Amino acid sequence: MATVTATVEEVLGASPVMPVLAFRSAEEAVEVSSVLYDCGVRVFEITLRHESALEAIKEVKVALPDDAIVGAGTVLSPDTAKLARNAGAVFGVSPGLTKELGSAVRAMGWAFLPGVSTISEAMSAMDMGFTALKFFPASVSGGPGFLKAAASVLPGIQFCPTGGISADTAHEYLALPNVPTVGGSWITPRVGDGTIDLAATRERATAALNF
Ligand code: 3PG
């Protein structure tokens, strides 16, 4: 059974890459997450973009050992935050932040990475008590240059950039002092028939863990 609690520091510090996972069934989720775990991945962001996502979180939690940190991505509202936490997600990630969502997850005491793409949004998130943020969509919002500038003016904030990052660009982000990990879906490519390519997943996950 995967871990039942995590801090944002543990989520960000688990590995240089956080796979952003858009599974199409709970069965696929368990199979692919197990492959990722065997490669050394310890943090899993299962996005709430499919009707099976909550079931996927539940089953992956049961299937993985206790050092796996399983969270939910694409958390857009207080209701989905509660559903995801009740399904067993020990952290949440959102592409953005509303006052309602921020207040709800703070009240829940849930480890949470709100999404920002500007300095003002980061300051609003800080006002709500968040010190670890998702920078999204990273590649079209200023990329590593934005985060370098952010480090000067917001030195206490850690970022997980996500969106448009690949094996070729991840190192540019990870070289920055305010970027402990990057998120991305490139780790689990789908092939022509729509299934996730497990051989490529193994190769990409193993490479990413050595970034
Ligand atoms: C996310 O939800 O964080 C992004 O959709 C992942 O972006 P990517 O698919 O470009 O890695």
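Okay, one bit of vocabulary before we start: a polar contact is a pair of N or O atoms within 3.5 Å. Keep that in mind, and also that what we're looking at is a predicted model.

So, let's begin at the ligand. An N or O atom in the side chain of Ser185 sits 2.5 Å from one of the ligand's oxygen atoms, so that pair is within the 3.5 Å cut-off. Arg49 also reaches in with its side chain, where a polar atom is 2.2 Å from a ligand oxygen. With Gly164 it's the backbone: an N or O atom there lies 2.7 Å from an oxygen of the ligand. How much of the ligand does the protein cover? On its own, the ligand has 310 Å² of accessible area, and the protein covers 79% of that.

Who else is around? The residues surrounding the ligand include Val20, Lys134, Phe136 and Thr162. If you sort the shell by type, you get two nonpolar residues, five polar and two charged.

Now stay with Arg49 for a second, and look for Thr74. You'll find Thr74 in the loop between β3 and α4. Is Thr74 buried or exposed? Its relative accessible area is 17%, so Thr74 counts as buried. Its side chain makes a polar contact with the side chain of Arg49, at 2.9 Å. Thr74 also touches several residues further off in the sequence, among them Glu45, Thr47, Val93 and Pro95.

Right, on to the helices. A bit of background first: an α-helix has 3.6 residues a turn, so residues three or four places apart point the same way.

Take α7, residues 143–153. Gly143, Phe146, Leu147 and Ala150 are its buried residues. Looking down the axis of α7, you'd see these fall within an arc of 95°, so they line one face of the helix. Turn to the face pointing away from the buried side, and there are the exposed residues Lys148 and Ser152. And what covers the buried ones? The cover includes α6, β7, β8 and α8.

Next is α5, residues 99–108. Here Leu101, Gly102, Ala104, Val105 and Met108 are buried. They span an arc of only 165° around the axis, which puts them on the same side of α5. Over on the other side, Lys99, Glu100 and Ala107 are exposed. The cover over the buried residues of α5 includes α4 and β5.

One last detail: after α5 comes Gly109, and its phi is positive, near 70°. Okay, that's me done!

Definitions and conventions: Residues are numbered from 1 along each chain as its sequence is written. This is a predicted model: local features need pLDDT of at least 70, side-chain atom pairs count only at pLDDT 80 or more; totals for chains, interfaces and linings use all residues. Side-chain values use heavy atoms; hydrogens and water are left out. A residue is near a molecule or strand if one of its heavy atoms lies within 4 Å of it. A polar contact is a pair of N or O atoms within 3.5 Å; within protein, one must be able to donate a hydrogen and the other to accept it, and residues adjacent in sequence count only if both atoms are side-chain atoms. Accessible areas come from the Shrake-Rupley method with a 1.4 Å probe; for residues, only the protein chains shown count as cover. Ala, Val, Leu, Ile, Met, Phe, Trp, Tyr, Cys and Pro count as nonpolar, Asp, Glu, Lys and Arg as charged, and the others, Gly among them, as polar. Buried means under 20% relative accessible area, exposed over 50%, partly exposed in between (1.4 Å probe, protein chains only). Helices (H or I, at least four residues) and strands (E, at least two) are DSSP runs, numbered from the N terminus. The arc is that of the directions from the helix axis to the C-beta atoms. Contact means heavy atoms within 4.5 Å.
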